[in-house]
Amino acid sequence: MLSANSNTDQSLNLVHRPRRLRRTETLRKMVRETTLTVDDLIYPMFVMEGEGQKVEIASMPGCYRFSLDLLLKEISEVSQLGIGAVALFPVIPENQKDDTGTESYNSEGLVQETVKAIKKTVPEIIVITDVALDPFTTHGHDGLVDENGVILNDPTVEVLVKMALSQAQAGADFVAPSDMMDGRVGAIRKALDAEGYINVGILAYSAKYASAYYGPFRDALDSAPKFGDKKTYQMDAGNSKEALKEVELDIAEGADIVMVKPALAYLDIIHQVTINTNLPVAAYNVSGEYAMIKAAAANGWIDEKKVILETLTSMKRAGADLILTYFAKEVALMLM
Ligand code: PBG
């Protein structure tokens, strides 16, 4: 009888046998280079008006739009599971949208009131707010649009600054510009400092690509652009040097954390950004990446839990220090 560790398996006289380190689970754990932990996760959550509302998003099964009362309960729960941060996205009713997104900087708007309530009830959780106009504009673009459909950069930045300030005033720990206008990180940093919010951080969506993977998110917020696409501000999928340029600019302008988005189809970008900066790097495991796993799992085609862990581990292995993921709660439960 040959045992697993038999001395008789020597016919090749090999010096190196990498399989030695894979022999048992204990050994594999000892030599594992990358481990996913709950500390790496940021949970993106959708908030809507009303009370007692928890509405599942059709293209994101297991993700909900919550009214504030139920959102607070959910946040207490995820905080107890060890998740350290949430990223908030508001569902804005059609009658509060306009061409210029004025609701975005209403000091009593949905986001601002939500932040105040979270900071009152679950003060330890880090609250990250999104800075971009798309949930608030009738046309669904992240910025202001002129009569020819051109997205205006500098006038948009002025609105984004107001928005970021109103979020900081409400108590946000980090503001996260996801709009991809040039110069917005610097303008926001300057305004925050001028108003005394020196400890409010900026999580910059630095390398954000014009991606078809955002589809389910736009369903969730009902924020798909009504005309054209976002290619004049979000990045082209074929580019990687440009990602480094964007990251470099955001760092020079005062970003505290830089982000690559989406994650899975851009692991090479995450890796390049990681080796080119000393800042923490975040990766956004976006809605379409979530939906693909959920859909395949619902069909019984993949082992959902294993695929989730493998996918998120790949992002960390590529270099991400933090991962925004709709799987955060599920993963926190799995890792307990
Ligand atoms: C909007 C924004 C988007 C996402 C986060 N912020 C969509 C977009 O740029 O059109 C996408 C997130 C996801 O798909 O999970 N500024």
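In this predicted model, Ser166 is in contact with Ser104, Tyr105 and Gln112, when neighbours within four places in sequence are left aside. Ser166 belongs to helix α4, which covers residues 153-170. The relative accessible area of Ser166 is 6%; because buried means under 20%, Ser166 is classed as buried. One of its contacts is polar: the side chain of Ser166 and the side chain of Gln112 are 2.8 Å apart.

Two lysines, Lys208 and Lys261, are listed by UniProt under "active site", in an unreviewed entry. The two positions are spread over 54 residues of sequence, yet they cluster in space, with a largest C-alpha distance of 4.8 Å. Both Lys208 and Lys261 are part of the lining of the largest cavity.

Lys208 is located in strand β9, made up of residues 201-208. Its relative accessibility is 5%, so Lys208 counts as buried. Beyond the neighbours within four places in sequence, the contacts of Lys208 are Asp142, Ser178, Met180, Tyr214, Gln234, Met235 and Lys261. The list thus includes Lys261, the other lysine of the UniProt annotation. The side chain of Lys208 also reaches the backbone oxygen of Ser178, at 2.9 Å.

Lys261 is placed in strand β10, which runs over residues 257-261. With a relative accessibility of 9%, Lys261 is likewise counted as buried, because the limit for this class is under 20%. Outside the neighbours within four places in sequence, Lys261 is in contact with Tyr205, Ala207, Lys208, Tyr209, Tyr214, Tyr284 and Val286. Tyr214 is found among the contacts of Lys208 and also among those of Lys261.

The ligand has 17 residues around it, and those that come nearest are Lys208, Arg218, Lys230, Lys261 and Tyr326. Both annotated lysines are therefore included in this nearest group, with the term "near" resting on heavy atoms within 4 Å. Polar side-chain atoms lie beside the ligand at several points. For Lys208, an N or O atom of the side chain is 2.7 Å from an oxygen atom of the ligand. For Arg218, a polar side-chain atom is 2.7 Å from a ligand oxygen atom. Asp142, one of the residues in contact with Lys208, has a polar side-chain atom 3.0 Å from a nitrogen atom of the ligand. On its own the ligand has 410 Å² of accessible area, and the protein covers 100% of this area.

Key: Residues numbered from 1 in each chain as written. Predicted model: local features only at pLDDT ≥ 70, side-chain atom pairs only at ≥ 80, totals over all residues. Heavy atoms only, no water. UniProt positions renumbered as here; feature names shortened; annotations may be inferred. 1 Å grid on protein atoms, 1.4 Å probe; cavity = no way out; pocket = protein on both sides within 12 Å on 5 of 7 lines; lining within 4 Å. Helix = DSSP H or I, 4+ residues; strand = E, 2+ residues; numbered from the N terminus. Buried < 20%, exposed > 50% of the residue type's maximum accessible area, 1.4 Å probe, protein only. Contact = heavy atoms within 4.5 Å. Polar contact = N/O pair within 3.5 Å; in protein donor to acceptor, adjacent residues only side chain to side chain. Areas by Shrake-Rupley, 256 points an atom, 1.4 Å probe, with all protein chains shown as cover.
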